[in-house]
Amino acid sequence: MPASATIPALLSVRGLAFARNEQPVFGPLAFDVEPGEALLVQGDNGTGKTTLLRVLAGLLRAEAGEVRISGTEADHGARSRHVAYLGHLPALKADLSAEQNLRFLCGLHGARPERRIDAAMARVGLAGHDDALARQLSAGQKKRLSLARLWLSPAPLWLLDEPYANLDLDGIALVNALVSEHLAEGGAALVTTHGAYAAPPVRTRMLQLSNARVDA
Amino acid sequence: MNTPGLRASAAALLARDLRLVWRRRGDALQPALFALLVVVLFALAAGGERESLSRHAAAVLWLAVLLAGLLALDSLFRGDAEDGSLEQWLLAPVPLPWLVAVRVFGHWLTTSLPLLVAVPFLGELLFLPHAQLPVLMLSLLLGTPLLGLLGAVVAALTVGMRRAGILVALLALPLYVPVLVFGAGSVAAAAQGLDAGGALLLLGAGLAISLVLAPLAAAAALRIAHN
């Protein structure tokens, strides 16, 4: 950690390791994510990218190591206030409309007071789909709806698991634009991808998970 | 920052559940239809004699309500686990036991309440003595939320399994037995002119305890099942 650092890193990980059935999945890992920074987590299938994000979100318990969020120990309260998680499962109810799904998730997680649901729908290119049932949306449109939830979320740290999956070129550009905008506002993001084909045009660092080391 | 309070998150979850039930109105009638089935089959099997039906009416109604609730139990958390909603519950800034409690209440509202409304009509089919109806309704009003809360723990434990139908029933039944004994027992006592208060108070005490403990246990089970 640089000696000049006055603001604690948004996410600080030391010695983090995870094992499933005594088989090490990744780690020990050590890295920091500063505000305004994106960490690109890369690796082949099965190297533990998703597991890392789930551990950081608090959905899985780490084997060893320390996770600090904004300088404090990451407990449930700190995580729920600072972390927004986009996983493989969209968390959408098939029988509810896009707008109702978004409204429920905002009710559960909170939303930025200055951002409105219809604005979020327009931001992700789903304007006019408010009343469409989630079951009628394509996989890409569901992903866009999840991105709208992130855009509304007050959490500064985004954990994005394969955000580019199922999206068209326009959607990939949308993810990059949303991440850039979020970082410009002082947020941070962890993004997992298979390759570097779609990295947001921002200050990024790479975490290569096959050999588990951070390249600055 | 705008984090939702307990009340806002509960309102959002309840509104969602009620909307979902409204979208699938047919499914919501299933417990009541199942109870009707049990009652009709019992009446047919027992021969339709007024005396014998009337004598067992309260016990059969209690059993029908319990079995119908058991049937609906597996859907308590399964849908939310499968579409990833449960992950978002775990990450939410409100305590998980609170969300579990609200979900159980919503489930009771949409599965048990229609059943309770149907009980007086089902009672007519079985010649339930009208004097027993108030005690029966009171015991069900205390008993069904208790069954729902106990069932929530079992449903949470089995949420990680793909097909848990019969396992849920096997795990839940021992927990359900005391509720059935005191619930049906209160009506039986009232029918014999005894005081039903003791059994009802025990049901109430069980409800009070499980209101506090069951959401905590179910939340812990959900966390374990999710790992």
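# Briefing on chains A and B

For its 227 residues, chain B would have a radius of gyration near 17 Å if it were a compact globule, and its value of 18 Å agrees with this. The model is predicted. The points below cover chain B as a whole, one of its helices, the contact with chain A, and three residues of chain A.

**Chain B overall**

- Chain B has 10 helices and 0 strands.
- Its pattern along the sequence is therefore helix after helix, α-α-α-α-α-α-α-α-α-α, where helices and strands are taken from DSSP runs.
- The C-alpha trace of chain B spans about 65 × 35 × 30 Å along its principal axes.
- Of the 227 residues in chain B, 47% are buried.
- Among contacts in chain B with a separation of 6 or more, 83% are between residues 24 or more positions apart.

**Helix α1 of chain B**

- Helix α1 of chain B covers residues 6-23, which is 18 residues.
- At 1.5 Å a residue this helix should span 26 Å, and its end C-alpha atoms are 26 Å apart, so the two values agree.
- Which residues of α1(B) are buried? They are B:Ser9, B:Ala10, B:Ala12, B:Leu13, B:Arg16, B:Asp17 and B:Leu20.
- These buried residues lie on the same side of α1(B), because they cover an arc of only 160° around the axis.
- An α-helix has 3.6 residues a turn, so residues three or four places apart point the same way.
- B:Arg7 and B:Trp22 are exposed, and they are on the other side of α1(B).
- What do the buried residues of α1(B) pack against? Their partners are α3 (98-109) of chain A together with α7 (96-125) of chain B.

**Contact between the chains**

- Chain A puts 28 residues into the contact, and chain B puts in 24 residues.
- On the side of chain A that touches chain B, the elements giving two or more residues are α2, β6 (83-86) and α3 of chain A.
- The most comes from α3(A), with 6 residues.
- Sorted by class, this side of chain A has 16 nonpolar, 7 polar and 5 charged residues.
- Helix α3 of chain A thus appears twice in this briefing: α3(A) gives the most residues to the side that touches chain B, and the buried residues of α1(B) pack against α3 of chain A.

**Two positive phi values in chain A**

- Most residues other than glycine have a negative phi.
- A:Glu22 is not a glycine, yet its phi is positive, near 70°.
- Where is A:Glu22 found? It is in the loop between β1 (11-20) and β2 (23-33) of chain A.
- A:Glu22 counts as exposed because it has 6 C-beta neighbours inside 10 Å.
- A:Ser70 also is not a glycine, and its phi is positive, about 50°.
- The loop that holds A:Ser70 runs between β4 (64-69) and β5 (72-73) of chain A.
- Is A:Ser70 buried, partly exposed or exposed? A:Ser70 counts as partly exposed, because it has 17 C-beta neighbours inside 10 Å.

**A:Arg81**

- A:Arg81 is in helix α2 of chain A, which covers residues 76-82.
- Within 10 Å of A:Arg81 there are 18 other C-beta atoms, so this residue is partly exposed.
- A:Arg81 and A:Gln23 are 58 residues apart along the chain, and their C-alpha atoms are separated by 32 Å.

Note on methods:
Residues are numbered from 1 along each chain as its sequence is written. Chains are lettered from A and ligands numbered from 1 in the order in which they are written. This is a predicted model: local features need pLDDT of at least 70, side-chain atom pairs count only at pLDDT 80 or more; totals for chains, interfaces and linings use all residues. Helices (H or I, at least four residues) and strands (E, at least two) are DSSP runs, numbered from the N terminus. The expected span of a helix is 1.5 Å times one less than its number of residues. A residue is buried if 20 or more other C-beta atoms lie within 10 Å of its own, exposed if 12 or fewer, and partly exposed in between; C-beta atoms are placed from the backbone. The arc is that of the directions from the helix axis to the C-beta atoms. Two residues are in contact if their C-beta atoms, placed from the backbone, lie within 7 Å. Ala, Val, Leu, Ile, Met, Phe, Trp, Tyr, Cys and Pro count as nonpolar, Asp, Glu, Lys and Arg as charged, and the others, Gly among them, as polar. The radius of gyration is taken over C-alpha atoms; the globule rule is 2.2 Å times the number of residues to the power 0.38.
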